[in-house]
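These notebook entries record what I looked up in one structure. I began with how exposure is classed, and then went from the whole chain to single residues.

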Amino acid sequence: MAAAATDWDSGSEVGPNTSTGDWPPAGASPLNGKAAESDAGASVSGSSEAKVDDGNIQEAESSLREGLSLNYEEARALLGRLEYQRGNVEAALRVFDGIDLQAAIQRFQPSLSEKPLSKRSNKLRSDSSNSGSQHAASLVLEAIYLKSMSLQKLGKTMEAAKQCKSVLDAVESIFQCGIPGVMVEQKLQETVSKSVELLPELWKQAGAYQEALTSYRRALLSQWNLDDECCTRIQKRFAVFLLYGGVEASPPSLASQTEGSFVPRNNMEEAILLLMILLKKWFLGKTHWDPSVMEHLTFALSLCGQTSVIAKHLEEVLPGIYPRTERWYSLALCYFAASDNEAALNLLRKLLNRNESPNDIMALLLAAKICSSSYQLASDGVEYARRAVKDVDSSDGHLKSVALHFLGSCLAKKSKVASSDYQRSLLQTEAFKSLNEARSLDRDNPEVIFDMGIEYAEQRNMHAALKCAKEFIDATGGSVSKGWRLLSLVLSAQQRYSEAEVVTDAALDETAKWEQGPLLRIRAKLKVAQSLPMEAVEAYRALLALVQAQRKAYGTVNNGTEEEDKVSEFEVWQGLANLYSSLSYWRDAEICLQKAKALKTYSATTLHAEGNMHEVREQIQDALAAYFNALSTELEHVPSKVSIGALLSKQGPKYLPVARCFLSDALRLEPTNRVAWFHLGKVHKHDGRLTDAADCFQAASMLEDSDPVERFRLL
């Protein structure tokens, strides 16, 4: 709005006595040639040079009418315009107050809206009359627009908005079928364009936000014959208002909707639609590149969780707009948020190449974060995190804490796949050292506390894990459900099932409905641990109802992956199958397994459950086949390795070495698996190594006393 006023004052309008102007209009004055110019100059100099007040407005208006053959409204419009350009806003407003816009509209409407006649002579006369009427209409409408600007400068924004709206109402009354693309005077079109652009801004300044929304839609849906640049500015301002205005807009009216077209349901969808239209305009060369459009679109799509769409638009931006390293990093963020870690990491590897930006701290931290979620990538994550720790500014305690945090997480993951107990112990020690350093630099970072709690829990230091869980809940105010889940699992590992159930129920009361899945899963497993199978079945049924409702509401997750902290329907059917198997309800167990297989055909978990059913029925060969099929599906599936080892240990002395290999490999991957320790002890006992057997049985007994209802790594 201010920009519009500046453009206007900077020379978009000129006075009648200026040689470069187009005043007086040739078709509106009976005077011709230099005589007209002389009379116009004499009239202006004789009555308008001094500041106009209430006493001489009539005299100045009469002089203008006599000198230029103007009617009452036109003379006042010209006089007020001169005062406005000189900066005499109050004087201009007094002049403009005498203009009767409705009377002027009634005079202009017939000549401007009539169709040209077919005969050439009549057509020429009609065009001449139409041109003169357009000049007159332009002068009066411009006066009302300047009146609106004057009111705005005086702080009367509500009155200014009403006057500006009257300009557009008058134009719609004159041009009932919209402004035609040809045969419209440039000055009239300019006045209309500026009024269309100004009106929503005036409503916003006046606090009338619903009127502003209506004005934006009117500007974009009516036939105003706006040029691309003006339309682009309105679309961008409307999108920004929808995103940040804090006013919920109702959908567009049915009258403005085209059959079969997309109709936005809320502010966010409407803003995204506008921003995508702006990007398309730039792609087609209709407007200049505006980086803020992409920034607003990124913000909007991020709120909707549609980061893959952001990546698509970033890829479509022509080379040279963004530096390629900046584009790679932005794309990596998008793919990471969309759970496509492989694509994100590949982009970061390109960015961190020694020929690009090998010391980019943010890229190093993101690469380390991605690697910290995978056992296979943990070694790469350690390298990225160490480079970040080395390159980060020593004065920036926060970034150094983040780098040390990721280093500790990657070292902890790497220790899980270490080839020897000695190496595992070294990596765990180093991981705790890094996490403690990270916490010393940023004691308010709850994520560091949470990761330390997980590490303590997996090493069965339940006292320390319980303390970390409570500190995390205090730090987050209990607003993050994974803190409650950690506390519940730690209590279950201490055999305090009733307390764990109380914690879970309290967390369910404080958690939104769609986020209750993991808590309901823990509740079901707590019921199983307390030998309450029927209550466990009811808990699983509640969980299944929630998961199916989520699927219907939001559809399947992109790329076939599950969102973080969500429970899949496959997990629920699998849990029910295991529960029914433990109760020897074979028919129900088979039905649940079939449901699980329908969702995920090749799953090590499903094949392992199928093997358990065969084993209970003493179908040994079928059970072994199912376990080996599970391993072929997932090479490091620990339960299958344990089951194979346990089953082979019962087949006679010649199978004991093979059984020992499978059980030892399972313990390498999961050192806290009490079932693996127990069966390894039985193998040692059958082999005559009683001391080793006693150690294994002791380890199994200790782990059984600290075994949670669900693995900590699922957090």
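**Entry 1: a term needed first.** I noted that a residue is called buried under 20% relative accessible area, exposed over 50%, and partly exposed in between. Glu172 has 32% relative accessibility, so I entered Glu172 as partly exposed.

**Entry 2: confidence.** I recorded that this is a predicted model. The protein has an average pLDDT of 81, and 83% of the residues reach at least 70. I marked two stretches where pLDDT stays under 50. For residues 1–52, the model has 85 contacts beyond four places in sequence. For residues 557–564, the model has five such contacts. I added a caution that predicted coordinates should not be read in detail where pLDDT is low.

**Entry 3: the whole chain.** I counted 34 helices and zero strands in the protein. Of the 715 residues, 48% are buried. Among contacts with a separation of 6 or more, 61% join residues 24 or more positions apart. The exposed area is about 34,700 Å², of which carbon and sulfur atoms supply 51%.

**Entry 4: salt bridges.** How many salt bridges does a search of the whole structure find? The search gives 41. I then looked up individual pairs.

Arg218 pairs with Glu172, with the closest N and O atoms 3.0 Å apart. This pair links distant parts of the chain, since Arg218 is in helix 10 (residues 209–221) and Glu172 is in helix 8, 46 residues apart. Arg218 is buried, at a relative accessible area of 16%, whereas Glu172 is partly exposed. I also found Arg218 and Glu172 in a network of salt bridges that includes Lys165 and Asp169.

Lys236 and Asp290 meet through their side chains in a salt bridge of 2.7 Å, N to O. Lys236 lies in helix 11 (residues 228–244) and Asp290 in the loop between helix 12 (267–283) and helix 13, so this bridge ties together parts that are 54 residues apart in sequence. Lys236 is partly exposed at 25%, and Asp290 is partly exposed at 24%.

Lys527 forms a salt bridge with Glu535, and their closest N and O atoms are 2.8 Å apart. Lys527 is buried, with a relative accessible area of 11%, while Glu535 is partly exposed at 38%.

**Entry 5: a lysine in helix 8.** I located Lys162 in helix 8 (residues 157–174). Is Lys162 buried or exposed? Its relative accessibility is 52%, so Lys162 counts as exposed. Lys162 and Ser148 are 14 residues apart in sequence, and their C-alpha atoms are 8.0 Å apart in space.

**Entry 6: a nonpolar patch.** Which residues make the nonpolar surface patch of about 300 Å²? I listed Tyr244, Phe299 and Leu303. Leu303 is in helix 13 (residues 291–303) and is exposed, at 53% relative accessibility.

**Entry 7: cysteines.** I looked for disulfides and found zero in the structure. I checked two cysteines for exposure: Cys304 is partly exposed at 36%, and Cys592 is buried at 5%.

**Entry 8: a histidine.** I placed His614 in helix 29 (residues 604–616). His614 counts as buried because its relative accessibility is 17%, and buried means under 20%. Leaving out residues up to four places away in sequence, I found that His614 touches Gln619, Asp622 and Ala623.

How values were computed: Residues numbered from 1 in each chain as written. Predicted model: local features only at pLDDT ≥ 70, side-chain atom pairs only at ≥ 80, totals over all residues. Heavy atoms only, no water. pLDDT = per-residue confidence, 0-100. Contact = heavy atoms within 4.5 Å. Helix = DSSP H or I, 4+ residues; strand = E, 2+ residues; numbered from the N terminus. Buried < 20%, exposed > 50% of the residue type's maximum accessible area, 1.4 Å probe, protein only. Areas by Shrake-Rupley, 256 points an atom, 1.4 Å probe, with all protein chains shown as cover. Patch = residues over 30% accessible without salt bridge, like charges linked within 9 Å, V, L, I, M, F, W, Y side chains within 5 Å. Salt bridge = Lys/Arg side-chain N within 4 Å of Asp/Glu carboxyl O. Disulfide = S-S within 2.5 Å.
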